[in-house]
Amino acid sequence: MPELPEVETTRRGIAPHLIGRRIVSVTLRRADLRWPIPREITEVLPGQRIDDIERRAKYLLLHTTAGSALLHLGMTGVLRVLPPDIAPGVHDHVDMLLEPAPGERERILRFTDPRRFGSLLWQAPGTTHELLAGLGPEPLTDAFDGDLLWRRSRGRKAAVKLFLMDNANVVGVGNIYASEALFAAGIDPRRAAGTVSRARYLRLAAEVKRILAWAIERGGTTLRDFLNPDGAPGYFFLELNVYGREGESCKVCGTPIRQTVIGQRSTFWCPHCQK
Ligand SMILES: [Zn+2]
């Protein structure tokens, strides 16, 4: 599943080919993905120039003066910028034809999504889509820090891992990144959020930022894949310390990694390194 680093890598990969370009036409090969595709996508978006591409949590917004196309990659979604003469496959649900840059060929932005948990929605100008309302701060901005986590967690009995994965507290910390950040910060994922000290939250926030930034930096080496018609962009994998390693030795202390389920999600931790 594309997590925040993959979505940010996608944004960086497609942005140079889209910003400043006008959308000539939009071809929908289905009426819906996870949700119905609103009529503004075919009635308002064509003719508009893409002024900017923003990532918010795991959403991408193509901003125009008439409104914004709101994209989510779901479980299996991929965006690529391709020549317009590449025939669509069965999972290529949306094409946006882009006006060519001076001296270049036309291109399309193609959205491919075999499982169709992705979405293409519309945000009217000057409004915030309901899916974006109530989201917490971006993890890689100064609005997110350990003090915020500490303040918000006082009195909370939920497991600290669930607290960290709650989009109201910080966005984009998925299951893998939550497990790895808690290991790096030495915090037992089962611990009640309200019992973690301020000092440990400062460490946790720093580890969240470090791990996500590292993953995005590593994804930068795959940017050219967004122009590659053959196969999907090379989504990348962390060198994992705990996630998916149940029964294997902790890379720090050698203790077998344990696994449990918290909030219906697999959770991995080292019982020696994480307290
Ligand atoms: Zn350990």
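Helix H1 is mostly covered in this predicted model, with eleven of its 15 residues buried. The buried positions are Leu4, Pro5, Glu6, Val7, Glu8, Thr9, Thr10, Gly13, Ile14, Ala15 and Leu18. The length of H1 can be checked against its residue count: at 1.5 Å a residue, the 15 residues should span 21 Å, and the end C-alpha atoms are 20 Å apart, which agrees. Just after the helix, Gly20 takes a positive phi of about 90°.

**Domains and cores**

The protein is divided into two parts, domain 1 (4-123) and domain 2 (146-269). Their C-alpha centres lie 29 Å apart.

The largest nonpolar core has 27 residues, and those with the most contacts inside it are Leu18, Leu62, Met96 and Leu120. At least two residues of this core come from each of the following elements: helix H1 (4-18), strand S1 (23-28), strand S3 (59-64), strand S4 (67-72), strand S5 (78-82), strand S6 (92-98), strand S7 (107-112) and strand S8 (119-123). H1 gives the most to this core, with four residues. Another core lies apart from it and has 25 residues, including Leu164, Ala193, Tyr201 and Ile211.

Within the largest core, Met96 is one of the residues with the most contacts. Leaving out residues up to four places away in sequence, Met96 touches Ile23, Ser25, Val26, Leu45, Leu62, Arg107, Ile108, Leu109 and Leu120. Leu62 and Leu120 appear in this set of neighbours, and both are also named among the residues with the most contacts inside the core.

**Helix H5 and the loop that follows**

Helix H5 (175-185) is mostly covered, as ten of its eleven residues are buried. They are Asn175, Tyr177, Ala178, Ser179, Glu180, Ala181, Leu182, Phe183, Ala184 and Ala185. These buried residues pack against H1, helix H4 (160-165), H6 and S10. H5 is followed by Gly186, whose phi is positive, near 75°.

The loop between H5 and helix H6 (198-219) holds Ser197, and Arg191 is placed in the loop between H5 and H6 as well. Arg191 is partly exposed, with a relative accessible area of 30%. Apart from neighbours within four places in sequence, Arg191 is in contact with Ala158, Ala159, Val160, Val196, Arg200 and Lys275. The C-alpha atoms of Arg191 and Ala133 are separated by 29 Å, with their positions 58 residues apart along the chain. Ser197 is partly exposed too, with a relative accessible area of 32%. From Ser197 to Val261, 64 residues apart along the chain, the C-alpha separation is 24 Å.

**Positive phi outside glycine**

Two residues have a positive phi although neither is a glycine: Ala57 and Arg116. The table sets out their places and values.

| Residue | Phi | Loop | Relative accessible area |
|---|---|---|---|
| Ala57 | about 55° | between strand S2 (52-56) and S3 | 5%, buried |
| Arg116 | about 60° | between S7 and S8 | 34%, partly exposed |

Ala57 counts as buried because its relative accessible area of 5% is under 20%. Arg116, at 34%, is partly exposed because its value lies between the limits of 20% and 50%.

**The zinc site**

The protein donors of the zinc ion are the SG atoms of Cys250, Cys253, Cys270 and Cys273, lying 2.2 to 2.4 Å from the ion. The site is tetrahedral, with angles of 100 to 113° among its four donor atoms. For comparison, the ideal angle for four tetrahedral donors is 109.5 degrees. In sequence the donor residues follow the spacing C-x2-C-x16-C-x2-C.

Cys250 and Cys273 link distant parts of the chain, being 23 residues apart. Cys250 is in the loop between H6 and strand S9 (258-262), whereas Cys273 is in the segment after strand S10 (265-269). The two also stand on opposite sides of the burial limit of 20%: Cys250 counts as buried at 4% relative accessibility, and Cys273 counts as partly exposed at 22%.

Conventions
Residues numbered from 1 in each chain as written. Predicted model: local features only at pLDDT ≥ 70, side-chain atom pairs only at ≥ 80, totals over all residues. Heavy atoms only, no water. Core = buried A, V, L, I, M, F, W, Y, C linked by side-chain atoms within 4.5 Å. Buried < 20%, exposed > 50% of the residue type's maximum accessible area, 1.4 Å probe, protein only. Contact = heavy atoms within 4.5 Å. Expected span 1.5 Å × (residues − 1). Domains from an automatic or database assignment. Donors = N, O, S within 2.8 Å, 3.2 Å for Na, K, Ca; no water. Tetrahedral: all angles 85-135°; square planar, octahedral: opposite > 155°, others 65-115°.
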